Amino acid sequence: MKKKEIFIAIEIKVREYLSKIFLSFFLADKGFRVFIGSKDKIIDLVQKKQNNSGIFFYKGGIHKNLINSIDDKTDQHVVIDQEIAPGFSDKKEFEELIPNSFHQETLKKIDLYFSPNENLYKMSKRLLKKIRGKVVFTGWPRIDLWKIKYKFFYKNQIKEINSKYRDFILFNSDFGYVSENYIDEAKEYYPWGYDRNKSKQNVYKKYMKEFSKESHLEFISFIKLVKNFARTNHKQLILIRAHPSENLQAWNNNFKDVKNVKILSPNDDVTPWIYCAKCVLHRGCTTALQSKLINKPTGFLISNKKYKTSILKKKFNYDISEKIFSVND
């Protein structure tokens, strides 16, 4: 009997890879033949295969120019959205983000949409009525990997990190707009669901202009706060892990003269870094949930009380963390 095929496409390796490998193990154990790889390679494989069968599995919306060829070559198109993190609290943000992450043409050809928690399941069920399939409450392989019983997966990385850095504070960034070109960067993108609506595009771009400005100003305040802490605690190492979307050069330029602050490139899984840190600082990053789950001391850092964007959007992450506003905190 021919095995059912599933094609798993990965866009951002650092965020998706290990959880998809983890998922693939269970799928293979259930009898699926699993193909896993980069988004472009998997799409190319699907388009070139001779038979019209199998499941295409992705993190979000496929471009409208590709959806028909993928739909013609597979039985089902399923999505587990890596961008819809359970730590968000801003309902209005979800109202826009969940349906508008997709072109309308793509939305109509989704057979299953997996939700990571009950709150997002209820919201997605209401907001994704145009999909041809259904919304399912499943959980998230990425969160399953946070369980202590899977710590052994990271044994070698933990040993290597501890050997190299030993005692350190970890800050996981999600400022997004850290370079001086933040306004241009913010205007580069609008949700796919606004593709045919110029008015919504303009409103969104105006919102992103203000949002990026506030994020960048908070970033500048953060630099000052961390430098102040580093000077008065010169024996304490601070590791700052940039977000995959951030300009790494901007981070390095700001801390090039501070010996006890090191900038990490986000080119591997964050989990072993969280296990090794003495404590984890963040400003709303999903890693706060992961850190809290393994009982790591976790602090929400607001470098300037004037900027509250991250708290409003990620209040749950704020509520579960220690509150840090100053060097004394």
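This passage describes a six-stranded sheet, a helix lying across it, and two loop residues with positive phi. The structure is a predicted model, in which local features need pLDDT of at least 70 and side-chain atom pairs count only at pLDDT 80 or more, whereas totals for chains, interfaces and linings use all residues. Residues are numbered from 1 along each chain as its sequence is written, and side-chain values use heavy atoms, with hydrogens and water left out.

Six strands form an open sheet with parallel pairing, in the order β9-β8-β7-β10-β11-β12. Strands are DSSP runs of E with at least two residues, helices are runs of H or I with at least four, and both are numbered from the N terminus; two strands pair if DSSP finds at least two bridges between them. The edges are β9 (261-264) and β12 (322-324), each of which pairs on one side only. From one strand to the next, the twist averages 25 degrees. Strands β11 and β12 pair in the parallel sense over three bridges, and Gly299 stands opposite Glu322 in β12.

Helix α11 (residues 248-255) lies across β7, β8 (237-241) and β9, and runs at about 170 degrees to β9. Contact means heavy atoms within 4.5 Å; axes are lines fitted to C-alpha atoms, for helices over the stretch in contact, and angles run from 0 to 180 degrees between N-to-C directions.

Arg166, although not a glycine, has a positive phi of about 55 degrees. Arg166 is placed in the loop between α8 (155-165) and β7 (168-172) and is exposed, with a relative accessible area of 63%. Exposed means over 50% relative accessible area, buried under 20%, and partly exposed in between (1.4 Å probe, protein chains only). Asn295, in the loop between α13 (287-293) and β11 (298-301), likewise has a positive phi, near 65 degrees, and counts as exposed at 71% relative accessibility.
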